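User: I'd like a close look at one part of this model: the packing around one tryptophan. Take me through that spot, then work outward to the rest.

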Amino acid sequence: MAVPIVQDGDTRFAKGMDSVSDPFTLGPESYVYSLNMLNRGGAMKSRPGHRVVLTLPDGIPQGLKVFHPRKGNPVILPIIAGKVYATKKPFTDYAQVAGAELYAKSEQVWHAMTTQSVERNPDDSLKLITPRKLLFLQDGVSPPLYYDGHVLTAVTGANKTPQGTVMAFAGSRLWVANGERLYAGDIGDPTTFLEQTVNQLGGISYYILPDSITAMAPLPGAVSQTKNPLVCYTRTSTSLFRSNILNRNLWPTIEDFQSDIFPNIGCVSDRSVVNHSGMLWWFSDFGTVRLDSAHNSNVSGRMDYVDREMTRSSSNLNEDLSKVASAHYENFLLTSVPHANLKNEHTWVYDSNTNDRLNEEFPSAWASIWTGINPVEYASVKVNGRTRLFCLSADDDGKNRLYELFTDDRRDNGCDFPWAMESRAYTGGNASPKELRFLEYALSELAGEVHLKFSWAGASRGRWKSFSKPIFHAVEGNVVATQEYGAEDGAASGSGSGSSSASGSGNTLFAFKTQSRLARTQDVRDMDEDDLTASGVEGQVYQVEAEKEAIDSAFQFRVDGSGPCAIRMLRMFADMVSDPDTGMQENPEVADHFVRFDGAASKDEADLDEAPETWTATKTVRAQIGNYGANGVGTVISSISQLDADKRATQVASAKAEANVAAVVPDYVGGSLV
Amino acid sequence: MNIAPQVFQVREAYEPRYSCPTLDVEFVPAQPSLSWAFVGQVRWGAVDTATSYRLQRKSGPSGIWTDLVSIEASGEDYETVDDVSITELAFYRVIATNSVGDSLPSHPMFTAAAPEGDVAADPPVIIPDSEVSWNITADGFTARWVPASGVINYFIDLGPDNEAFYAEFNDLDIGLVHEYTFSGLAAPASFWTFRIRANKPFAPSDSVTVLVTPGA
């Protein structure tokens, strides 16, 4: 039998996600949507994992800060209900920081990492001191606090740091916002604000912006005229302050010391301001904006919103965007937004270089949307020379937790997570009608038990229809559980030859690699028409077998999966269909046509009451260590299959059981636990 | 808020909400404490994190524990079970349960009243002490007594001379055994005071006291 003649597909996905464009118009290497994936290197891979580091006290999660001491490892400071907690490497426990507290009901705590290098004597003379790091905190209500690595100290008194909200440390001064007012502190001493009383700005001691200040950040990069100014945002405007001019006496006379650069573009959340790949990124009322100071030497010109590709998520954001939180990690920019939720349920992932190759110009792209946690604020710290990304999450169960992102195992706490992608519409090179036959796909990086579901839909109509649910088993690790190994057994890496040990059992341990598969789906021609087919309801109405959804001008494919996996290639096969050589007479529609959000269609509304298919599993697993045992229970809803739900529920139950039993087993110091 | 109003949408996929699995440690419930509320009704205090309870019964000391009734946690301060039989000797205990597992069983409790016509146990009949039969040494001995019917366990005490009993041997429940070995004891001034009584539900025997002079 001849191979279907229409073929189309992608072997690389480097150009990223675009959910705003018509899937029909997307070019090669693009895709419409992806969930919990990355396209680094061109293949679509399930994302790195999330790991719970700490479960924190209940209360309003107000922020996550990092204190960078002059020496030693940084301290991560989650702030919950007015209390500041501290955790340090290896981040296995935490303790409340002694000293002052913040207001428990504030929605947010702002911070600025500062350096104090002078101290003011009682007679107002200055004393140079060994510089010390101070993390300033504000909640908008309480007096400001600073953390010096040991305790929290409230700053009160005349000519001290004013109470406020947003802060920044620029030009060796602490800048504090209170409403639309902006105060600049004394040089070298973030605890005093005396200079402003003797060196006023035309009669007042502060700057005024058009609206309440929402964020501040130094502009990265060297700009010839303004040199690392301080960018100051309100919700509707962006201003620059030339904070690099250290001599305060010059401020009133310098032209454009304060300048409004974008009168109509502001910033909604100070947590969204990120310095990434040499540019300043932030979230405005209308989406993500970035400022490349190197290209905008006069800091003016066209500003484009750069997140239109994320429309499927951004079209359903909560009105309150003041908690949007961003972070950068390596070449990734993460922006967590309140999608269909008060919490930041969706995290948009931008990859500024989808292929880390020096000799090839590769596009930056929106890679995916990540779910699973609800980030409140991110903190990036360098521990033992390695940068690690943490976030405080307001989880769906009401708990506050500290997570680490980008773990190596591509699982969330050891459990597979759901991921998905939707391809662009494959036309086969023309818009003529064609009949879909099947999809060929190439997978790689398979690890463990991977469940997949392939679905297809016409580019113009119809819901996703599953036409293959393969399961792949790619054994991980490097030992077989039933084989005995001795303490002397050595491990071998890569493909080199290992040497047997004389005193061990003679085994050399070779690592298993992740695996690949090349496979095809079922043939759509052999499958029944969808019960809720869109044919005859929407889409084409002229007579090229209009009652058959598998005939369309192009086709999209959706892959749902759980378990580590990468999609390297999708290739569609279809048959040509002869176009009729006549026009058609109009045929007025008399009955109502109903099409549900997922594309399911009918002329009878009652048909669409049936819920989209999902599978639920609850599993209980018992973990036993000697005489100690504990159960774990996992409940999972899968959109793939009952087998997938069972697998993931068992994984969750096992992980919980192991955590429960580990908590009751005493530390092993020799002897038997039995 | 729709910040990108120009949405091109052929269809939306239905995706179940996904939350990262969390590994908060959960513990089995604490050990409950069972008591009689009234004749025929047992009760115990509610235990935090318990989602259900299992009341168990066995018919005698060597019987097998079997579930009598299982109830969901009511949320009240106390849980009660009515119609608990008291017409024959039986033991009861309760186990609190949650998703992690079972608590330690409560201490067992006998039937609320002794079966009709029952009488107190006879005091144990001591096998005469001698250096031979009790193996008396300078730092210990093995007490022996004759098995008796109806007894479910024995309580013993041991102390130096006429002073207070040693804390570890004061009213010690040794179960249904018919000898008990003491070793590593400190030498008393003159003798050890050994006391034993047999126990039947609601009808313990009188105590029998033996003075044991340490061996050479």
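Analyst: Leaving aside residues up to four places away in sequence, Trp175(A) touches Met167(A), Ala168(A), Ala170(A), Leu182(A), Ala184(A), Met216(A), Leu230(A) and Ser243(A). Keep in mind that this is a predicted model. Trp175(A) belongs to the largest nonpolar core, which has 158 residues, and together with Tyr147(A) and Met216(A) it touches the most other members. So Met216(A) turns up twice here, as a contact of Trp175(A) and as one of the best-connected members of the core. The element that gives the most to this core is helix H3 of chain A (residues 642–664), with 8 residues. Apart from it there's another core, this one of 14 residues, including Trp134(B), Val151(B), Leu158(B) and Phe194(B). As a rule of thumb, nonpolar side chains in soluble globular proteins tend to be buried together.

Now for the chain around that tryptophan. Chain A has 674 residues, and 45% of them count as buried. Its secondary structure is 48 strands and 3 helices. If you take the contacts in chain A between residues at least 6 apart in sequence, 61% join residues at least 24 apart.

For a strand-level example, look at S28(A), where 6 of its 6 residues are buried. Both of its faces are covered, with Phe332(A), Leu334(A) and Ser336(A) on one side and Leu333(A), Thr335(A) and Val337(A) on the other. S28(A) has partners, too: S27(A) pairs with it in the antiparallel sense over 5 bridges, and 6 bridges join it to S29(A) (residues 346–351), again antiparallel. Within those pairings, Leu334(A) is the bridge partner of Ala327(A), while Phe332(A) stands opposite Asp351(A) in S29(A).

The turn between S27(A) and S28(A) is worth zooming in on. Glu330(A) sits in the loop between these strands, 325–329 and 332–337. The hairpin has 2 residues between the strands, and Glu330(A) takes a positive phi near 55° there. Glu330(A) counts as partly exposed because it has 13 C-beta neighbours inside 10 Å, whereas Phe332(A) in S28(A) is buried. For a sense of distance, Glu330(A) and Val636(A) are 306 residues apart in sequence and 32 Å apart in space, C-alpha to C-alpha.

Zooming out, chain A is divided into three pieces: domain 1 (6–32 + 423–440 + 454–478 + 512–580 + 591–609), domain 2 (307–413) and domain 3 (615–664). The C-alpha centres of domains 1 and 2 of chain A lie 28 Å apart. Where they meet, 8 residues of domain 1 of chain A are in contact with 14 residues of domain 2 of chain A. That domain 1 side has 4 nonpolar, 2 polar and 2 charged residues.

Then there's chain B, with 28 residues in contact with 54 residues of chain A. The chain B side of this interface has 17 nonpolar, 6 polar and 5 charged residues. Chain B is divided into domain 1 (34–110) and domain 2 (125–212), and the C-alpha centres of these domains lie 33 Å apart.

Last, the confidence. Mean pLDDT for chain A is 88, with 89% of its residues at 70 or more. The stretch to watch is 493–504 of chain A, where pLDDT stays under 50 and the model has 17 contacts beyond four places in sequence. Where pLDDT is low, the predicted coordinates shouldn't be read in detail.

How values were computed: Residues numbered from 1 in each chain as written. Chains lettered and ligands numbered in written order. Predicted model: local features only at pLDDT ≥ 70, side-chain atom pairs only at ≥ 80, totals over all residues. pLDDT = per-residue confidence, 0-100. Contact = placed C-beta atoms within 7 Å. Domains from an automatic or database assignment. Nonpolar A, V, L, I, M, F, W, Y, C, P; charged D, E, K, R; others polar. Helix = DSSP H or I, 4+ residues; strand = E, 2+ residues; numbered from the N terminus. Buried ≥ 20, exposed ≤ 12 C-beta atoms within 10 Å, placed from the backbone. Pairing = 2+ DSSP bridges. Core = buried A, V, L, I, M, F, W, Y, C linked by C-beta atoms within 7 Å.
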